[in-house]
Amino acid sequence: MITLASRLKELRLSKEWTQKQIAEQLNITREAYALYETEKNKPPIDTLIKIADIYHVSLDYLTGRYKE
């Protein structure tokens, strides 16, 4: 099963971005972003929307509800 954390990491690596680079785009710390990729914290909905916009994917795709 695809998890949000695995999808976040997969998308970030596909762009060859570091955690710091994506965190800067989201205006959060690298540490805060790392918690999303390790399933230790879940991003708030406004952050999820920003992530989906950055990667040009749907929220369903991000959360593993739909495979594009």
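Buried residues account for 35% of the 68 residues in the protein. The model is predicted.

## Overall fold

The secondary structure consists of five helices and zero strands. Read from the N terminus, the elements run α-α-α-α-α. The radius of gyration is 11 Å, close to the 11 Å that the globule rule gives for 68 residues, so the protein is as compact as a globular protein of that length. Along the principal axes, the C-alpha trace spans about 30 × 25 × 20 Å.

Contacts tell how the chain folds back on itself. Take the contacts between residues at least 6 apart in sequence: 51% of them join residues at least 24 apart.

The surface comes next. The protein exposes about 4500 Å². Carbon and sulfur atoms supply 52% of that area.

## Salt bridges

How many salt bridges does a search of the whole structure find? The search finds five. Three of the pairs are tabulated here, with the N to O distance and the relative accessible area of each partner.

| Pair | N to O distance | First residue | Second residue |
|---|---|---|---|
| R12–E37 | 2.6 Å | R12: 7%, buried | E37: 10%, buried |
| E31–R30 | 3.8 Å | E31: 48%, partly exposed | R30: 36%, partly exposed |
| R65–D60 | 3.5 Å | R65: 67%, exposed | D60: 35%, partly exposed |

Start with R12 and E37. Their closest N and O atoms are 2.6 Å apart. R12 lies in helix α1 (residues 4–14) and E37 in helix α3 (residues 30–37), so this salt bridge ties together parts that are 25 residues apart in sequence. Is R12 buried or exposed? R12 is buried, at a relative accessible area of 7%. E37 also counts as buried, because its relative accessibility of 10% falls under the 20% cut-off.

E31 and R30 pair through their side chains at 3.8 Å, N to O. That distance lies within the 4 Å limit, so the pair counts as a salt bridge. E31 is partly exposed at 48%. R30 is partly exposed too, at 36%.

R65 and D60 form another salt bridge, with the closest N and O atoms 3.5 Å apart. R65 is exposed, with a relative accessible area of 67%. D60, at 35%, counts as partly exposed.

## Aromatic pairs in helix α3

The structure holds two aromatic pairs. One of them joins Y33 and Y36. The ring centres are 6.0 Å apart and the planes meet at 75°. That angle is over 60 degrees, so the pair is edge-to-face.

Where do Y33 and Y36 sit? They belong to helix α3, three residues apart, and are thus separated by about one helical turn. Y33 counts as buried, at 0% relative accessibility. Y36 counts as buried at 8%. Helix α3 (residues 30–37) also holds E37, the salt-bridge partner of R12.

## A nonpolar surface patch

Which residues form a nonpolar patch on the surface? I45, I49 and L59 do. Together they present about 250 Å² of accessible area. I49 lies in helix α4, which covers residues 45–55. The relative accessible area of I49 is 39%, so the residue is partly exposed. This value is over the 30% that a patch residue needs.

How values were computed:
Residues numbered from 1 in each chain as written. Predicted model: local features only at pLDDT ≥ 70, side-chain atom pairs only at ≥ 80, totals over all residues. Heavy atoms only, no water. Patch = residues over 30% accessible without salt bridge, like charges linked within 9 Å, V, L, I, M, F, W, Y side chains within 5 Å. Areas by Shrake-Rupley, 256 points an atom, 1.4 Å probe, with all protein chains shown as cover. Helix = DSSP H or I, 4+ residues; strand = E, 2+ residues; numbered from the N terminus. Buried < 20%, exposed > 50% of the residue type's maximum accessible area, 1.4 Å probe, protein only. Rg over C-alpha atoms; globule rule 2.2 N^0.38 Å. Contact = heavy atoms within 4.5 Å. Phe/Tyr/Trp six-rings, centres within 6.5 Å; stacked < 30°, edge-to-face > 60°.
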